Structures are given as C-alpha cells and as structure tokens.
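Colleague: Could you walk me through this one slowly? I am still learning how to read these pictures.

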Amino acid sequence: MNFAALMLLLREHVVLRIRNGELTERGLARRVGLSQSHVHNVLKGARVLTPIVADRLLQALELSLLDLLRGPSADHPTPFEPSQDNPP
C-alpha cells in the first residue's frame with residue numbers, strides 16, 4: 001500500500017458516508033474549515049486531496065489511518081456489503 005492508495009481509501013470512505021446519509025458535504029466542510037465547493041471538488045477528484053486536507057478529514061471524522069486499512073466496520077458498511085440488519 002502506498003500513500004496515493006491511502007488517500008484514495010480516505011476519499012472513498014468519505015463519499016460512502018455521505019451517500020449513506022451519515023454526513024453532508026456542507027457539514028463536513030464546516031467541520032474541516034473549508035468551503036463546501038472545495039470539499040465537493042476534492043471528493044469528485046477535480047481537486048487534489050492534499051495531506052493537510054486529509055489530516056483535517058481524518059480528525060473531523062475521528063478516524064486513523066489504521067481505521068482506513070482495516071476496512072469498513074459494522075457502523076460504516078460499504079454499499080456492496082449488506083449489513084446484519086438487512087440480509088440479502
């Protein structure tokens with residue numbers, strides 16, 4: 001795993017949490033001290049996710065790099081993994 005892959009994991013994690021309705025771009029932007037448009041562009045890949053912004057995202061979401069490496073938790077399943085509450 002390299003640094004670029006970690007940044008991609010973080011971006012995907014944030015996008016999934018927004019899609020799941022756990023947070024909004026606007027709310028996240030307020031928490032990290034950036035404009036909503038900047039956060040939006042970072043999440044869609046139009047702007048580079050810098051290490052400083054990545055650190056702010058991790059801090060705002062109370063995540064560590066180890067959390068990203070461990071993958072989704074029961075609290076934050078990916079859309080491709082059914083939760084225990086909704087079996088296929």
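**Starting from one arginine**

Modeller: Arg-11 is a residue of helix H1, which covers residues 3–19, and please keep in mind as we go that the whole model is predicted.

Colleague: Is Arg-11 buried or exposed, or something in between?

Modeller: Arg-11 counts as partly exposed, because its relative accessibility is 27% and the partly exposed class lies between 20% and 50%.

Colleague: And which residues does Arg-11 contact, leaving aside its neighbours within four places in sequence?

Modeller: With those neighbours set aside, Arg-11 is in contact with Val-42, Leu-43 and Gly-45. In the case of Gly-45, the two residues are 34 residues apart in sequence, while their C-alpha atoms are 8.7 Å apart in space. There is also a pair with Ala-54, which is 43 residues from Arg-11 along the chain, with 8.6 Å between the C-alpha atoms.

Colleague: Where does Gly-45 lie?

Modeller: Gly-45 sits in the loop that runs between H3 and helix H4, the latter being 51–60, and with a relative accessible area of 41% Gly-45 is partly exposed.

Colleague: Let me step back for a moment. How many helices and strands does the chain have?

Modeller: The chain has five helices and zero strands, and the pattern along the sequence is therefore written α-α-α-α-α.

Colleague: How much of the chain is buried?

Modeller: Of the 88 residues in the chain, 31% are buried. As for the surface, the chain exposes about 6,100 Å², and carbon and sulfur atoms supply 53% of that area.

Colleague: What share of the contacts with a separation of 6 or more comes from residues 24 or more positions apart?

Modeller: The share is 58%, counted among the contacts in the chain whose separation is 6 or more.

Colleague: Now the helices themselves. How do H2 and H3 cross?

Modeller: Two packed helices are described by the angle between their axes and by the distance between the axes. For helix H2 (residues 25–32) and helix H3 (residues 36–44), the axes come within 8 Å and cross at roughly 110°, and H2 and H3 are therefore roughly perpendicular to each other.

Colleague: Which residues meet there?

Modeller: On the H2 side there are Glu-25, Arg-26, Leu-28, Ala-29 and Val-32, and on the H3 side they meet Gln-36, Val-39, His-40 and Leu-43. Sorted by class, the residues of this contact of H2 with H3 are five nonpolar, two polar and two charged.

Colleague: What about H2 and H4, at what angle do they cross?

Modeller: The axes of H2 and H4 come within 9 Å and cross at roughly 105°, which makes H2 roughly perpendicular to H4. Leu-28, Arg-31 and Val-32 of H2 make this contact together with Arg-56, Leu-57 and Ala-60 of H4, and by class the contact of H2 with H4 has four nonpolar, no polar and two charged residues.

Colleague: Changing topic, how many salt bridges does the structure hold?

Modeller: The structure holds two salt bridges. Side chains of opposite charge can pair when their charged atoms come close. One salt bridge joins Glu-22 and Arg-17, with the closest N and O atoms 3.2 Å apart.

Colleague: Are those two residues buried or exposed?

Modeller: Glu-22 is partly exposed, with a relative accessible area of 35%, whereas Arg-17 counts as buried because its relative accessibility is 12%, and buried means under 20%.

Colleague: Which side chains meet in the other bridge?

Modeller: There the side chains of Arg-70 and Asp-67 meet, at 3.2 Å from N to O. They are separated by about one helical turn, because they lie three residues apart in helix H5 (residues 65–70). Arg-70 is exposed at 62% relative accessible area, while Asp-67, at 28%, counts as partly exposed.

Colleague: What about the phi of Glu-62?

Modeller: Most residues other than glycine have a negative phi. Glu-62 has a positive phi of about 55°, although it is not a glycine. Glu-62 is found in the loop between H4 and H5, and with a relative accessible area of 70% Glu-62 is exposed.

Colleague: Last one: which residues does His-38 contact beyond its neighbours within four places in sequence?

Modeller: His-38, which is found in helix H3, is in contact with Arg-47 and Val-53 once those neighbours are left aside. His-38 is buried, with a relative accessible area of 16%.

Conventions
Residues numbered from 1 in each chain as written. Predicted model: local features only at pLDDT ≥ 70, side-chain atom pairs only at ≥ 80, totals over all residues. Heavy atoms only, no water. Helix = DSSP H or I, 4+ residues; strand = E, 2+ residues; numbered from the N terminus. Buried < 20%, exposed > 50% of the residue type's maximum accessible area, 1.4 Å probe, protein only. Contact = heavy atoms within 4.5 Å. Areas by Shrake-Rupley, 256 points an atom, 1.4 Å probe, with all protein chains shown as cover. Axes fitted to C-alpha atoms, helices over the stretch in contact; angles between N-to-C directions. Parallel < 35°, antiparallel > 145°, perpendicular 65-115°, else oblique. Nonpolar A, V, L, I, M, F, W, Y, C, P; charged D, E, K, R; others polar. Salt bridge = Lys/Arg side-chain N within 4 Å of Asp/Glu carboxyl O.
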